[in-house]
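User: Could you take a close look at one helix for me and walk me through how it sits among its surroundings? Please keep it relaxed, as I'm more at home at the bench than with coordinates.

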Amino acid sequence: MPRMNLSHFEAAVLFALFTSVVMGVVTKKTDADRIRYGARCFGYFIAALIGLGWLMHFGHG
Amino acid sequence: MATTQKIKEPMAPLKDWAPAVGLGWLVPGGGHFLLKRNGRGGLILVSVVAMFLLGLMMRGAMFQPQTGDILTTIIYCGGFIGDLASGLLYLLATWFGYSQPDVAGHVHDYGTKFLVGAGLLNILAMVDAYEIATRKKT
């Protein structure tokens, strides 16, 4: 099994992507709603990732 | 004063949902395939397998159940259940001798979370398969 080295950002984006896909698939009733919800989840994940990243940046001084 | 009473629905017969939920545990998305939801099953399969394999490649640690104080019990027993929920992926990885000590470093840490996360996503998929099998959802 090859070893993989990812940065915080890459790992978090991949986590967000797979989680959003499954959340979209299992929550809504129509395909259009699933795509919309999955995309919205992914957007929220990325916004939280970037927001918390900046918060930690400024928190550390 | 008005009171509301919840009417408890009888549980659906086991034979209606157990095969889909059981197969969904063993093979991510398997329950959806059994219920002829191939597109959704395929997306679940790809997502859960990719997340689990990335966790292995990042050398994430598998949890072993441990008890002690409440936090230790929740983290280790919950983590073990999360790992186990990946079904065949977890069983194959442990049968083939995957054993990674919990070491410091963000990559290993993400790997551990990816392994648990894959199982948790599979639990969501199993719940969805249950709801489809019992006709609570299309």
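Analyst: Sure. Let's warm up on helix α1 of chain B, residues 14–26, where a quick length check works nicely: at 1.5 Å a residue, its 13 residues should span 18 Å, and the end C-alpha atoms are 17 Å apart, so the two agree. Keep in mind that this is a predicted model. Within α1(B), the buried residues are Trp17(B), Ala20(B), Leu23(B), Gly24(B) and Trp25(B). Those buried residues pack against α2 (30–34) and α6 (106–133) of chain B.

Now for the helix I'd really like to dwell on, α3(B). Run the length check again: the 20 residues of α3(B) should span 28 Å at 1.5 Å a residue, and the end C-alpha atoms are 28 Å apart, so expectation and model agree. The list of buried residues here starts with Arg40(B), Gly41(B), Leu43(B), Ile44(B), Ser47(B) and Val48(B). It carries on with Met51(B), Phe52(B), Leu54(B), Gly55(B) and Leu56(B). And what covers them? The cover includes α1 of chain A, along with α2, α5 and α6 of chain B. In other words, the surroundings of α3(B) include a piece of the other chain.

Phe52(B) is a good residue to click on. Setting aside neighbours within four places in sequence, Phe52(B) is in contact with Ser86(B), Leu89(B), Leu115(B) and Ala118(B). Follow that to Leu115(B), which is found in helix α6 of chain B. Leu115(B) has 29 other C-beta atoms within 10 Å, and buried starts at 20, so Leu115(B) counts as buried. Again leaving out neighbours within four places in sequence, Leu115(B) is in contact with Phe52(B), Gly55(B), Gly60(B), Met62(B) and Asp83(B). The Gly55(B) pairing is worth a look: Leu115(B) and Gly55(B) are 60 residues apart in sequence, yet their C-alpha atoms are 5.0 Å apart in space. Long-range pairs turn up across the chain too: among contacts in chain B between residues at least 6 apart in sequence, 71% join residues at least 24 apart.

Zoom out a little and you reach the largest nonpolar core, which has 40 residues. The residues with the most contacts inside this core are Val22(A), Met51(B), Phe52(B), Phe114(B), Ala118(B), Leu121(B) and Ala125(B). The elements giving two or more residues to the core are α1 (8–27) of chain A, together with α1, α3 (38–57), α5 (88–95) and α6 of chain B. Of these, α6(B) gives the most, with 12 residues.

The chain-to-chain contact is the next stop. Chain B puts in 22 residues and chain A 17 residues. On the side of chain B that touches chain A, the elements giving two or more residues are α3 and α6 of chain B. By class, that side has 14 nonpolar, 4 polar and 4 charged residues.

What about the stretches on either side of α3(B)? Lys36(B) lies in the loop between α2 and α3 of chain B. Its phi is near 65 degrees, a positive value in a residue other than glycine. With 8 C-beta neighbours inside 10 Å, where 12 or fewer means exposed, Lys36(B) counts as exposed. Just after α3(B) comes Arg59(B), with a positive phi of about 60 degrees. Arg59(B) is found in the loop between α3 and α4 (70–84) of chain B. This residue has 19 other C-beta atoms within 10 Å, so Arg59(B) is partly exposed.

Finally, the wider setting. Chain B has 6 helices and 0 strands. Its C-alpha atoms fill a box of roughly 55 × 45 × 25 Å along the principal axes, and 41% of its 138 residues count as buried. The partner, chain A, has 2 helices and 0 strands. The radius of gyration of chain A is 15 Å, well over the 10 Å that the globule rule gives for 61 residues, so chain A is more spread out than a compact globule. Its C-alpha trace spans about 45 × 35 × 10 Å along the principal axes, and 21% of its 61 residues count as buried.

Technical notes: Residues are numbered from 1 along each chain as its sequence is written. Chains are lettered from A and ligands numbered from 1 in the order in which they are written. This is a predicted model: local features need pLDDT of at least 70, side-chain atom pairs count only at pLDDT 80 or more; totals for chains, interfaces and linings use all residues. Helices (H or I, at least four residues) and strands (E, at least two) are DSSP runs, numbered from the N terminus. The expected span of a helix is 1.5 Å times one less than its number of residues. Two residues are in contact if their C-beta atoms, placed from the backbone, lie within 7 Å. A nonpolar core is a set of buried Ala, Val, Leu, Ile, Met, Phe, Trp, Tyr and Cys residues joined through C-beta atoms within 7 Å. The radius of gyration is taken over C-alpha atoms; the globule rule is 2.2 Å times the number of residues to the power 0.38. Ala, Val, Leu, Ile, Met, Phe, Trp, Tyr, Cys and Pro count as nonpolar, Asp, Glu, Lys and Arg as charged, and the others, Gly among them, as polar.
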